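Please read the following walk through the model with the coordinates open. The text goes from helices on sheets to single residues.

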Protein chains: 6
Amino acid sequence: MPYVNIKITNEGVTPEKKAELIKGATQLLVDVLGKNPNTTVVVIDEVDTDNWGIAGETVTERRKNGQ
Amino acid sequence: MPYVNIKITNEGVTPEKKAELIKGATQLLVDVLGKNPNTTVVVIDEVDTDNWGIAGETVTERRKNGQ
Amino acid sequence: MPYVNIKITNEGVTPEKKAELIKGATQLLVDVLGKNPNTTVVVIDEVDTDNWGIAGETVTERRKNGQ
Amino acid sequence: MPYVNIKITNEGVTPEKKAELIKGATQLLVDVLGKNPNTTVVVIDEVDTDNWGIAGETVTERRKNGQ
Amino acid sequence: MPYVNIKITNEGVTPEKKAELIKGATQLLVDVLGKNPNTTVVVIDEVDTDNWGIAGETVTERRKNGQ
Amino acid sequence: MPYVNIKITNEGVTPEKKAELIKGATQLLVDVLGKNPNTTVVVIDEVDTDNWGIAGETVTERRKNGQ
């Protein structure tokens with residue numbers, strides 16, 4: 001019954017990569033806590049780099065500065 | 001003052017249906033807990049079927065398999 | 001497959017009332033969008049009145065002032 | 001290490017305004033709690049006015065009525 | 001820079017198991033997307049079984065019925 | 001109408017500090033975006049240091065190592 005939410009910046013993640021994240025997160029809950037995969041939900045949010053900040057700066061600005 | 005967040009897959013939900021969800025969720029909080037509707041907030045997130053997983057699979061894959 | 005999160009202040013909501021919220025929110029998704037109740041998840045978060053703010057004030061302060 | 005999520009309606013907020021929100025929220029955590037800005041994350045979600053409800057109505061409807 | 005939120009029912013998960021979830025979720029983001037672990041944040045929410053519903057029932061009720 | 005969620009580790013934040021966070025976050029939305037403070041909601045989540053991870057480690061472990 002777990003619910004996992006993964007937030008990442010929106011920078012061209014392919015459907016295949018997303019499927020891997022979903023598979024891996026579900027398996028993690030099975031392996032560590034013995035959860036039932038059939039009721040394990042994973043939701044991926046892709047966030048625009050203008051809308052994500054760290055250290056007081058947007059990721060857009062950080063990418064420009066090579067970070 | 002409640003805050004309700006409804007996450008659903010992005011599969012053509014009309015504005016009318018969204019308005020029904022908002023009305024219904026607000027009324028639920030009024031009916032069950034006597035909350036003030038004027039400060040009850042409802043936010044609907046529509047999530048791409050590539051970004052939603054259950055049972056370790058994306059909803060995109062599940063739809064292909066008729067689930 | 002929907003996921004609903006309900007945030008309310010922690011002010012003595014009984015297990016029976018929580019069960020009503022869960023039942024009602026699930027039924028709403030069934031009625032409005034035809035969702036499968038068996039994979040509809042509802043999570044209720046109860047938030048301390050010191051930790052909830054509206055209009056720039058904590059709910060604790062507002063309750064003292066009769067709001 | 002704090003994580004701040006700001007949800008606003010999607011009504012033409014510029015990248016400059018978003019950068020101000022990120023800077024301001026990060027500074028708030030530094031000023032009030034002495035948090036390290038380098039590990040403070042801010043994520044802004046812009047929500048369609050059809051998907052945001054208050055008082056049982058969508059913001060789209062409210063805007064039509066001049067609210 | 002990813003942010004991962006894992007919601008599980010509050011049923012006696014040990015600190016060691018939580019540390020495994022955090023390590024595993026971080027590694028997943030490194031392996032699948034090449035993310036920097038140093039800025040990957042994982043937050044685990046433990047939710048009371050009265051506050052978690054699936055199929056319109058609380059987990060408390062389901063546990064009583066052997067589910 | 002904005003909704004702000006602030007997640008911090010649960011390390012003895014006083015009600016006064018929480019009130020400052022709520023006041024400051026509300027004011028930020030007023031100053032930057034001209035939002036109405038009366039419908040601006042701020043919710044603070046305090047997360048146990050066992051339940052918060054960064055760089056693949058719990059904050060509990062990091063505190064032991066002086067980080």
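In this predicted model, helix 1 (residues 15-33) of chain E lies across strands from three chains: strand 1 of chain A, strand 1 and strand 2 (41-47) of chain E, and strand 3 (52-54) and strand 4 of chain F. The helix runs at about 140 degrees to strand 2 of chain E. Helix 1 (residues 15-33) of chain A lies across strand 1 and strand 2 of chain A, strand 3 (52-54) and strand 4 of chain B, and strand 1 (3-9) of chain E. Its angle to strand 2 of chain A is about 140 degrees.

The strands just named belong to an open sheet of 8 strands with mixed pairing, in the order 4(B)-3(B)-2(A)-1(A)-1(E)-2(E)-3(F)-4(F). Strand 4 (57-58) of chain B and strand 4 (57-58) of chain F stand at the edges; each has a single partner strand, so one side of each has no neighbour in the sheet. Within this sheet, strand 1 (residues 3-9) and strand 2 (residues 41-47) of chain A run parallel and are joined by 7 bridges. For A:Asn5, the bridge partner in strand 2 of chain A is A:Val43. In general, strands of a sheet pair through backbone hydrogen bonds, either parallel or antiparallel.

Another open sheet, also with mixed pairing, has 8 strands in the order 4(D)-3(D)-2(B)-1(B)-1(C)-2(C)-3(E)-4(E). Which strands stand at its edges? They are strand 4 (57-58) of chain D and strand 4 (57-58) of chain E, and because each has a single partner strand, one side of each is left without a neighbour in the sheet. Strand 3 and strand 4 of chain E pair in the antiparallel sense over 2 bridges, with E:Gly53 opposite E:Thr58 in strand 4.

Two helices lie across strands of this sheet. Helix 1 (residues 15-33) of chain B lies across strand 1 (3-9) and strand 2 (41-47) of chain B, strand 1 (3-9) of chain C, and strand 3 (52-54) and strand 4 of chain D, at about 140 degrees to strand 2 of chain B. Helix 1 (residues 15-33) of chain C lies across strand 1 of chain B, strand 1 and strand 2 (41-47) of chain C, and strand 3 and strand 4 of chain E, at about 140 degrees to strand 2 of chain C.

Helices also pack against each other. Helix 1 (residues 15-33) of chain D and helix 1 (residues 15-33) of chain F meet at an angle of about 160 degrees, with their axes 10 Å apart. Angles over 145 degrees count as roughly antiparallel, and these two helices are therefore roughly antiparallel to each other. Residues in the contact include D:Leu21, D:Gly24 and D:Leu28 of the chain D helix, and F:Leu21, F:Gly24 and F:Leu28 of the chain F helix. By class, the contact has 12 nonpolar, 2 polar and 4 charged residues. The crossing is right-handed.

D:Ala19 lies in helix 1 of chain D. Is D:Ala19 buried or exposed? D:Ala19 has a relative accessible area of 19% and is therefore buried. Beyond its neighbours within four places in sequence, D:Ala19 is in contact with A:Thr58 and A:Glu61.

E:Thr49 lies in the loop between strand 2 and strand 3 (52-54) of chain E. With a relative accessible area of 16%, E:Thr49 is buried. Residues up to four places away in sequence aside, E:Thr49 touches E:Thr9, E:Glu11, E:Thr58, E:Val59 and E:Thr60. Its C-alpha atom is separated by 36 Å from that of E:Gly34, 15 residues apart along the chain.

Note on methods
Residues are numbered from 1 along each chain as its sequence is written. Chains are lettered from A and ligands numbered from 1 in the order in which they are written. This is a predicted model: local features need pLDDT of at least 70, side-chain atom pairs count only at pLDDT 80 or more; totals for chains, interfaces and linings use all residues. Side-chain values use heavy atoms; hydrogens and water are left out. Two strands pair if DSSP finds at least two bridges between them. Helices (H or I, at least four residues) and strands (E, at least two) are DSSP runs, numbered from the N terminus. Contact means heavy atoms within 4.5 Å. Axes are lines fitted to C-alpha atoms, for helices over the stretch in contact, and angles run from 0 to 180 degrees between N-to-C directions. Angles under 35 degrees count as roughly parallel, over 145 as roughly antiparallel, 65 to 115 as roughly perpendicular and the rest as oblique. A crossing is left-handed if the near helix is turned anticlockwise from the far one by less than a right angle, and right-handed if clockwise. Ala, Val, Leu, Ile, Met, Phe, Trp, Tyr, Cys and Pro count as nonpolar, Asp, Glu, Lys and Arg as charged, and the others, Gly among them, as polar. Buried means under 20% relative accessible area, exposed over 50%, partly exposed in between (1.4 Å probe, protein chains only).
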